[in-house]
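Trainee: Mind walking me through this fold? Let's start with how the helices pack.

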Amino acid sequence: MSEHSGRITDTRQPPHESLDDATDVFLAHRDLLFTVAYEILGSAADAEDVLQETWLRWAAVDQAVVRKKRAYLVQICTRQALDRVRALGRRKESYVGSWLPEPLLTSPDVAEDIALADSVSMAMLLVLETLAPVERAVFVLREVFDLAYDEIADAVDRSPAAVRQLAYRARAHVAERRPRGTASPAQTRAALHAFQQAVETGELQSLLDILAPDVVALSDGGGVRHALLRPIVGADNVARLLAAGWWKRAGARTLEPVQINGGPALLVRVDGEVDGVLAVRLENGYVTGAYHVRNPGKLSHVEHEIAISR
């Protein structure tokens, strides 16, 4: 038996009666654990696999000797997510075209938690992709979930002093790249409606009116569906792509306003079937980022709400 950073762990197999307690605690924190794994990985499918591994390890722990159950579960989950990052990194190296995070259909209350919505937004997840895996984990655990430095140290196998330095560097890196400018819910709805109308009509001036001068468009087809192979930058270039029918496919198309990753988006259907998601980043009433996910392997979480939490 050992004690470290305010928690006690025991390698003995827990009695059967403690499994009910383990299940109750795990389920109480499941949404949080999924969110931790998803923010580190950017993949819901991989996050679900991490939850399975986390449960297997948690079920083998004697509940009576774990003092800080939430922190301990987060530590297990983080370790599993970091292990998964290595495999995901190898997949990304051979990925066709731009890689975008797997979109999640989220409930309206996620947007009300500004910090949570910001942390899972497509734009922020792309910023986090530019961090080293351990830096990303430290940033997520400290800035989003407010874990203590010693608790994070246990999760990433670093000293608390090293974690402080990692957190400082990650915070500065993200601050330089994170989206700026906030919008009220009413402003967001109005901007999304204007963008939807402009995309549906393909009217060039309407698109130019809603796009920021430095807007960036990214598209992810995963080599399975047609998509842009590189980012497109600038209002004129993005507007012409949309006006020319970049997003269009044969069949009856519909656009449905939805909330993806805590932010505004359009769910694209062709003949009633989900064809993709067009998530947008809004700043000061203008679209500064458009993220079009068409990879079928990434669209399984866009028709049913996914619970996330801090």
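Mentor: Sure, starting with one helix pair: Tyr149, Asp150, Ile152, Ala153 and Val156 in α9 meet Pro160, Val163, Arg164, Ala167 and Arg171 in α10, where contact means heavy atoms within 4.5 Å. Helices here are DSSP runs (H or I, at least four residues), strands likewise (E, at least two), numbered from the N terminus. This is a predicted model, with local features needing pLDDT of at least 70, side-chain atom pairs counting only at pLDDT 80 or more, and totals for chains, interfaces and linings using all residues. Residues are numbered from 1 along each chain as its sequence is written, and side-chain values use heavy atoms, with hydrogens and water left out.

Trainee: How are α9 and α10 oriented to each other, roughly parallel or roughly perpendicular?

Mentor: Their axes, lines fitted to C-alpha atoms over the stretch in contact, with angles from 0 to 180 degrees between N-to-C directions, come within 9 Å and cross at roughly 95 degrees. Angles under 35 degrees count as roughly parallel, over 145 as roughly antiparallel, 65 to 115 as roughly perpendicular and the rest as oblique. So α9 and α10 are roughly perpendicular.

Trainee: Cool. Which residue is the bridge partner of aspartate 220 in β8?

Mentor: Strands β3 (residues 211-220) and β8 (residues 286-293) run parallel, joined by six bridges; two strands pair if DSSP finds at least two bridges between them. In β8, the partner of aspartate 220 is valine 293.

Trainee: And what is the strand order of the open sheet?

Mentor: The sheet has six strands with mixed pairing. Its edge strands, β4 (232-233) and β5 (253-260), each pair on one side only. The order is β4-β3-β8-β7-β6-β5.
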